[in-house]
Amino acid sequence: MLNRVSRSFAVVIQSLPTELRDAVCLFYLVLRALDTVEDDMAVAVDVKVPLLRVFHEKIYDRSWKMSCGYGPYVDLMQQYPLVTDAFLRIKPMYQKVIADITRRMGEGMAEFIEKEVLTVKEYDLYCHYVAGLVGIGLSQLFASSQLESEEFANMEDLANHMGLFLQKTNIIRDYLEDINEEPAPRMFWPKEVWGRYARRLDAFKAPENAAASLGCLNELVTDALRHAPHSLAYMAKLRNHDVFRFCAIPQVMAIGTLALCYNNRGVFTGVVKMRRGETAKYVQQLCTMADLHQAFDRFAGSISARASELVNTDKNAKLALRRAAEIQ
Ligand SMILES: CC(C)(C)CN1C(=O)[C@@H](CC(=O)N[C@@H](CC(=O)O)C(=O)O)O[C@H](c2cccc3ccccc23)c2cc(Cl)ccc21
């Protein structure tokens, strides 16, 4: 099931120590199911909101399943009792972490079903709900398994930054995929930012708005870079090699994707993704904090180089230079 819903990440989960692998795998599948409910536009709001809020109880109910979702997730939802059977077999202390995060995330998603992301504060709050909480839950699983120290049971701030870094990168990268979504695109770019560059968010697709689209894109990439030093601080505390790789690989992919996106019109015309060859290289060679700093330095350096060329035309270029310097 896991292999069908994720590509490279499934490999990374499977390299976790046995003690954690099943718990993290189930955490991922429970979150995927919750995300499938949130994303399914065919589910009426007055059904979806209560379901998001009660989902943390459904994950204990062997009879629960649902016909919703798209692509590989339809199977996941139809065969959900398989996930529940496995969930009920892991240790109760792991079940509790997963259920508590699912409850907090479901509440947060329900809050945003009928609310647009307007301010950067709401942008951070939405990303906290859908990704920051994942980091908080993973940290609690790491602590409970005793593969990492007790301090991870209570590291909400740094764990939250880990999630925001990944989620903001996805939101920035997926502009075109999200804006072309039928029937109603759900956009998460904060209006407080894009509203200073255009009257409508879809205006960035038009070539005549290229300069405005790049100004907005660069500001959002610069905002996402804010989280990188905290992600590095979080990962520096990890002691288990497999847990470190599990956390570090998505973070390196994220800063690599941000470097690719910076000042790149490709974000508005096609799909911007790191090449498989490049990602494979990071999956192989990422072992130590030195490797991690080297990877972050490389991508932060690439953003610095381009930002320094924009200092005279892009009002955020100086801030981008400062943010990148904090990382190097
Ligand atoms: C929204 C998200 C960023 C949390 C999704 N998320 C991640 O992005 C995956 C990576 C992933 O799914 N990559 C996709 C590629 C892609 O989506 O572009 C793949 O198929 O390889 O990693 C995260 C993830 C991994 C390790 C540590 C984390 C700390 C805080 C928050 C999330 C953390 C994840 C861990 C768990 Cl348990 C559940 C979900 C996630």
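Three helices, α4 (45-58), α7 (92-113) and α11 (191-194), each put at least two residues into the lining of the second largest pocket. This is a predicted model, and in it that pocket has a volume of about 390 Å³. Its lining runs to 19 residues, with K115, E116, P185, R186 and M187 nearest the centre. If you sort the lining by chemistry, you get 13 nonpolar residues, six charged ones and no polar ones.

Now for the backbone oddities. The peptide bond from E182 to P183 is cis, with omega near -10°, and P183 sits in the loop between α10 (175-179) and α11. Most peptide bonds are trans, and most residues other than glycine have a negative phi. Two residues here go against that second habit. Q146 has phi near 65° without being a glycine, and its place is the loop between α8 (120-145) and α9. N263, also not a glycine, has a positive phi of about 55° and belongs to the loop between α14 and α15 (266-269). As for accessibility, Q146 is exposed because its relative accessible area is 70%, while N263 counts as partly exposed at 28%.

Next, the helix α17. It covers residues 289-310, which makes 22 residues, and spans 31 Å from its first C-alpha to its last, close to the 32 Å expected at 1.5 Å a residue. Which residues of α17 are buried? They are L292, A295, F296, F299, A300, I303, S304, A307 and L310. An α-helix has 3.6 residues a turn, so residues three or four places apart point the same way. The buried residues of α17 pack against α9 (156-173), α12 (210-225), α13 (228-236), α14 (241-261), α16 (276-285) and α18 (317-327).

S304 is a good one to zoom in on. This serine of α17 counts as buried because its relative accessibility is 14%, under the 20% cut-off. Leaving aside neighbours within four places in sequence, S304 is in contact with L321, A324 and Q328.

Over in helix α9 you'll find F165, which is buried with a relative accessible area of 0%. Its contact list, again without neighbours within four places in sequence, consists of A224, L225, H227, A228, S231, Q251, A254, I255, L258 and F296. The last of these, F296, is among the buried residues of α17. For a sense of distance, F165 and L286 are 121 residues apart in sequence and 19 Å apart in space, C-alpha to C-alpha.

Finally, the cysteines. How many disulfides does the structure hold? Zero. C25 is in no disulfide, and the nearest cysteine sulfur, that of C247, is 16 Å away. C287 has C247 as its closest partner too, but the two sulfurs are 14 Å apart, so they are too far for a bond. C25 counts as buried at 18% relative accessibility, whereas C287 is partly exposed at 34%.

Here are the relative accessibilities side by side:

| Residue | Relative accessible area | Class |
|---|---|---|
| F165 | 0% | buried |
| S304 | 14% | buried |
| C25 | 18% | buried |
| N263 | 28% | partly exposed |
| C287 | 34% | partly exposed |
| Q146 | 70% | exposed |

Terms used. Residues are numbered from 1 along each chain as its sequence is written. This is a predicted model: local features need pLDDT of at least 70, side-chain atom pairs count only at pLDDT 80 or more; totals for chains, interfaces and linings use all residues. Side-chain values use heavy atoms; hydrogens and water are left out. Helices (H or I, at least four residues) and strands (E, at least two) are DSSP runs, numbered from the N terminus. The expected span of a helix is 1.5 Å times one less than its number of residues. Buried means under 20% relative accessible area, exposed over 50%, partly exposed in between (1.4 Å probe, protein chains only). Contact means heavy atoms within 4.5 Å. On a 1 Å grid over the protein atoms alone, a cavity is a set of points where a 1.4 Å probe fits but cannot get out, and a pocket is an open set with protein on both sides within 12 Å along at least five of seven lines; lining residues have an atom within 4 Å of a point. Grid points are joined across faces, edges and corners, and a volume is the space filled by probe spheres set on the points. Ala, Val, Leu, Ile, Met, Phe, Trp, Tyr, Cys and Pro count as nonpolar, Asp, Glu, Lys and Arg as charged, and the others, Gly among them, as polar. A disulfide is a pair of cysteine sulfur atoms within 2.5 Å.
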